[in-house]
Amino acid sequence: MKKINVALIGLGFGATFVNIYKEHPAVDKVYLYDKDKNVLDYVSNKSGIENKLSSFEEAIERSDVDAIHLVTPIPLHEEQTIQVLKAGKHCACTVPMATSLEGIQRIVDAAEKSGKTYMMMETTLYTDRFLHVKNMYDKGELGKIQFLRGSHYQDMSYWPDYWEGLPPMHYGTHAIAPLVALSGSRIKKVHAFGSGSMDEKLVKQYSNPFPVETAIFAFENGLKAEATRTLFETARQYQEGLFVYGSKKSFEWSFDDGGKPYITTLGERSKWGRGRENIVEAVDLPDYSYVLPDEIRHFTGKGGFDNLNPHRAADMGEGGHHGSHPYLVHEFVMSIVECRKPYIDIRMAANITAAGVCAHISAINDGCCVEIPDFEKVRK
Ligand SMILES: NC(=O)c1ccc[n+]([C@@H]2O[C@H](COP(=O)([O-])OP(=O)(O)OC[C@H]3O[C@@H](n4cnc5c(N)ncnc54)[C@H](O)[C@@H]3O)[C@@H](O)[C@H]2O)c1
């Protein structure tokens, strides 16, 4: 099998991917870089990877680096992605792709020009829950999808400064991505509202007054979906949830993100004559990791990702997010090796991210209709 060399940049959350690249059968060398030398040394020691880079520039200049995976702070994604693509390297970037429509367009243009792969490393599209509901839908078990709902409730106080007051839908990808992926379509317009109020010091950085944003999306194929995102001063147990309402069966996330999801089956006419029975079960999730190479299958294990010490993920060798990390790495690496588009290709990434950016524009403008640009001029 052809092998590629990968550089991993940003070793906070990024540390959760180190050992997966190291053990992937189609990866030869792994290079590491973090601008914090202590973090770089820590992750290098723990993983046994000695290829430490001295700068981000070294990663893009080295001729033996084929692909770069960016796991750096949000404000850096746009410029770093463009630099990677311009340097003629394949690029994976953690979410969000960018935080403005102009930024998304610049990345789309850079990918088009370079002809290299771009993949947004959206964890929700490879959770054991998403894989299961997608499998049920593909087999026809849900019937027609009638409505979709996504949620991401997370308190981001005391996180690094760039999070302070971030417009909720600028990081809406975990709530929006599964809706796009399951719809088989493209979000074309949005109406959204912001709700609540928060401390003035949170409003300053992004001129965003809202701790909560909620959006209704219209898809090109006629489907509608709702997504809600909370970031500050809102008491709600963590959840990156997906709710899929089908004509035969529906799939609903558990309350606390870690519990069993619920499947409701629309049964026969009820014994009272009106309506149909609903049969509700909390289900165990099948293991879909058989699609992964043996070497990295064990990384789907329920991970202990420590938000406060993210670089320590290198100790644990597994990353959480419902087992999604090895699937993401495998898809990125194999799309390069097999010269094909990745599942979360640039067009899907642009639609997911732009839907969130436009939702915030709508929220700031009292729920007006905002059309989502079609980034169709991207490499097919
Ligand atoms: N489920 C998910 O998909 C998920 C989960 C967590 C974080 N994220 C994303 O991952 C990214 C990183 O999250 P985090 O919590 O580790 O962030 P962080 O800000 O805590 O850490 C980022 C790391 O990048 C390093 N860094 C900063 N500037 C750099 C530069 N110019 N070059 C190289 N390294 C640099 C920092 O030293 C730090 O170690 C964010 O963009 C976040 O949105 C996604």
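Modeller: Let's start with a term we will need: a nonpolar core is a set of buried Ala, Val, Leu, Ile, Met, Phe, Trp, Tyr and Cys residues joined through C-beta atoms within 7 Å. A residue counts as buried if 20 or more other C-beta atoms lie within 10 Å of its own, and as exposed if 12 or fewer do. Keep in mind that the model we are reading is predicted.

Biologist: Thanks! How many residues does the largest nonpolar core have, and which have the most contacts inside it?

Modeller: The general idea is that in soluble globular proteins, nonpolar side chains tend to be buried together. Here the largest nonpolar core has 99 residues, and Ala7, Leu8, Ala59, Ile68, Val190 and Ala355 have the most contacts inside it. Helix 12, residues 346–364, supplies the largest share of this core, with 11 residues. Both domain 1 (4–123 + 291–345) and domain 2 (125–288 + 356–371) give residues to the core, so it lies between them. There is also a second, separate core of five residues, among them Leu166, Tyr171, Leu202 and Phe232.

Biologist: Could we zoom in on one core residue? What does Ile68 touch?

Modeller: Leaving out residues up to four places away in sequence, Ile68 touches Ala7, Ile9, Ala59, Ile60, Val84, Lys89 and Cys91.

Biologist: Now the whole chain, please. How many helices and strands are there?

Modeller: The protein chain has 12 helices and 14 strands. Its radius of gyration is 21 Å, close to the 21 Å that the globule rule gives for 380 residues, so the chain is as compact as a globular protein of that length. Its C-alpha atoms fill a box of roughly 70 × 50 × 40 Å along the principal axes. Of the 380 residues, 47% count as buried. If you take contacts between residues at least 6 apart in sequence, 68% of them join residues at least 24 apart.

Biologist: You mentioned two domains. How many residues of each are in contact?

Modeller: On the domain 1 side there are 18 residues, in contact with 14 residues of domain 2. By class, that side of domain 1 has 10 nonpolar, seven polar and one charged residues. The centres of the two domains, taken over C-alpha atoms, are separated by 26 Å.

Biologist: And the ligand? Which residues are closest to it?

Modeller: The ligand is surrounded by 22 residues, with Gly10, Gly12, Phe13, Asp36 and Thr94 the closest. The shell divides into 13 nonpolar, six polar and three charged residues.

Biologist: Let me try a helix. How many residues of helix 7 are buried?

Modeller: Helix 7 spans residues 173–183 and is mostly covered, with nine of its 11 residues buried. Those buried residues include His174, Ile176, Pro178 and Leu182. Helix 7 is followed by Gly184, whose phi is positive, near 65°.

Biologist: Which residues have a positive phi although they are not glycines?

Modeller: Ser207 is one, with a phi of about 50°, and Asp366 is another, with a phi of about 55°. Ser207 is in the loop between helix 8 (200–204) and strand 8 (212–219), while Asp366 lies in the loop between helix 12 and strand 14 (370–371). Ser207 has 9 other C-beta atoms within 10 Å, so it is exposed. Asp366 has 10 within that distance, so it is exposed too.

Biologist: Backbones can also hold a cis peptide bond. Where is Pro96, which follows one?

Modeller: Pro96 sits in the loop between strand 4 (90–93) and helix 5 (101–114). The peptide bond from Val95 to Pro96 is cis, with omega near -10°.

Biologist: One last pair to practise on. Is Ile296 buried or exposed, and is Gln237 buried or exposed?

Modeller: Count the C-beta atoms within 10 Å. Ile296, in helix 9 (residues 294–297), has 23 others, so it is buried. Gln237, in the loop between strand 9 (224–230) and strand 10 (239–246), has 11 others, so it is exposed. Apart from neighbours within four places in sequence, Ile296 touches Ile20, Glu23, His24, Pro326 and His330, and Gln237 is in contact with Tyr153, Phe255 and Asp256. Gln237 and Asp256 are 19 residues apart along the chain, with 6.1 Å between their C-alpha atoms. Ile296 and Gly367 are 71 residues apart in sequence and 45 Å apart in space, C-alpha to C-alpha.

Note on methods. Residues are numbered from 1 along each chain as its sequence is written. This is a predicted model: local features need pLDDT of at least 70, side-chain atom pairs count only at pLDDT 80 or more; totals for chains, interfaces and linings use all residues. A residue is near a molecule or strand if its C-beta atom, placed from the backbone, lies within 6 Å of it. Ala, Val, Leu, Ile, Met, Phe, Trp, Tyr, Cys and Pro count as nonpolar, Asp, Glu, Lys and Arg as charged, and the others, Gly among them, as polar. Helices (H or I, at least four residues) and strands (E, at least two) are DSSP runs, numbered from the N terminus. Domain bounds come from an automatic or database domain assignment. Two residues are in contact if their C-beta atoms, placed from the backbone, lie within 7 Å. The radius of gyration is taken over C-alpha atoms; the globule rule is 2.2 Å times the number of residues to the power 0.38.
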